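Student: I should like to go through the terms applied to this structure and hear the grounds for each of them.

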Amino acid sequence: MREHTTHQEAETAPGCAVPATAAEALLDGHRATRDRVARSILDHGPSSAADLANRLGLTTAAVRRHLDGLTAAGLVESREQRVYGSRGRGRPAKVFALTDGGRDAFYQAYDQLAADALRWIADSVGGGKAGEEAVAAFARARFGKQGEKYLEALRQAAAGERTEALAQALSADGYAATVRRVPSAAAKAPAGAQLCQHHCPVAHIAEQFPQLCEAETEVFSRLLGTHVQRLATIAHGDGVCTTYVPAPGAASSSTPRTAGEDSDAVPTAGTSTEDSASAR
């Protein structure tokens with residue numbers, strides 16, 4: 001009797017992942033693979049079925065079945081692949097990106113607590129413009145501290161490899177960052193780069209407090225020693241946070257500065273629509 005009771009307790013215990021039947025085992029395996037597909041999109045950004053199949057070691061047909069399930073659940077949506085520069089003939093490739101609901105499934109941060117804390121900071125100084133400045137000061141201090149960790153890695157990198165060094169440092173902190181080189185419009189001019197962050201732990205908070213994105217961009221500018229341009233953010237509904245970094249030859253300074261160091265030579269973050277369009 002005791003053995004029977006213990007077995008029942010094990011089956012009903014919170015967090016128990018042991019399936020009772022072969023059908024449940026098959027269902028659990030299906031869910032695990034579906035989670036891997038969603039996680040790959042989270043880490044690498046909008047992806048085609050073929051890209052996912054290559055990364056996960058699955059067939060394209062199997063990936064499409066999981067994508068169909070994720071789409072039906074409202075966790076994934078399909079869109080045309082964004083192409084930079086000239087596009088070849090034929091229809092644009094279809095890629096799959098996480099929806100807000102899909103990202104929610106991965107976020108374990110206490111978003112409401114963080115939002116309430118920032119709102120309290122703003123209200124404690126009277127709200128309005130003073131409140132916005134108080135939140136901005138917090139954001140600069142927060143990302144400035146984070147940027148100090150990256151400074152040594154950037155100082156050790158060659159001038160043309162600092163963006164990659166920053167991407168590696170960001171990835172170590174969970175931002176799943178990559179770098180894409182962008183050819184210059186001028187002939188024989190050095191290429192710039194797009195720093196892409198496929199994951200943002202504070203995306204939902206940044207929707208309400210854009211000062212977070214602005215402070216992060218300021219830190220990138222100081223670390224890389226050049227004025228960078230934020231082209232897209234997950235907080236504003238884009239699939240990836242994208243920051244344009246000019247070629248080293250166009251940089252305002254060849255030496256990365258500490259995140260908290262003030263300098264009139266470094267423009268503040270936040271660019272106009274016209275600036276972003278020209279950078280594209």
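The discussion below concerns a predicted model.

Student: What makes up the secondary structure of the protein?

Tutor: The protein has 11 helices and six strands. Of its 280 residues, 39% are buried. The accessible surface comes to about 15600 Å², and carbon and sulfur atoms account for 52% of that surface.

Student: What share of the contacts between residues at least 6 apart in sequence joins residues at least 24 apart?

Tutor: Such pairs make up 58% of those contacts in the protein.

Student: Why is A176 called buried?

Tutor: The relative accessible area of A176 is 14%, and the term applies under 20%. The value of 14% lies under that cut-off, so A176 is buried.

Student: Where is A176 found, and what is its phi?

Tutor: A176 is in the loop between helix 8 (162–172) and strand 3 (177–182). Its phi is positive, about 50°, although A176 is not a glycine.

Student: Why is strand 4 described as largely enclosed by the rest of the structure?

Tutor: Strand 4 spans residues 192–197, and six of its six residues are buried; therefore the strand is largely enclosed by the rest of the structure.

Student: How do you know that both faces of strand 4 are covered?

Tutor: In a regular strand, side chains alternate between the two faces of the sheet, so each face has to be examined separately. On one side of strand 4 are G192, Q194 and C196, and on the other are A193, L195 and Q197; all of these are buried.

Student: What makes strand 3 and strand 4 a pair?

Tutor: Pairing requires at least two bridges between the strands. Six bridges join strand 3 to strand 4, so the requirement is met, and the two run antiparallel. Within this pairing, R180 has Q194 of strand 4 as its bridge partner.

Student: How do you know that strand 4 also pairs with strand 6?

Tutor: The criterion of at least two bridges applies here as well. Strand 4 and strand 6 (residues 241–245) have five bridges in the antiparallel sense, so they qualify as a pair. A193 stands opposite V245 in strand 6.

Student: What can be said of strand 1 and strand 2?

Tutor: Strand 1 (residues 76–80) and strand 2 run antiparallel and are joined by five bridges. One of the bridge partners in strand 2 is A97, which is matched with E77.

Student: Why is strand 2 called mostly covered?

Tutor: Strand 2 comprises residues 94–98, and four of its five residues are buried. Each of those four has a relative accessible area under 20%, so the description "mostly covered" follows.

Note on methods
Residues are numbered from 1 along each chain as its sequence is written. This is a predicted model: local features need pLDDT of at least 70, side-chain atom pairs count only at pLDDT 80 or more; totals for chains, interfaces and linings use all residues. Side-chain values use heavy atoms; hydrogens and water are left out. Buried means under 20% relative accessible area, exposed over 50%, partly exposed in between (1.4 Å probe, protein chains only). Contact means heavy atoms within 4.5 Å. Accessible areas come from the Shrake-Rupley method with a 1.4 Å probe; for residues, only the protein chains shown count as cover.
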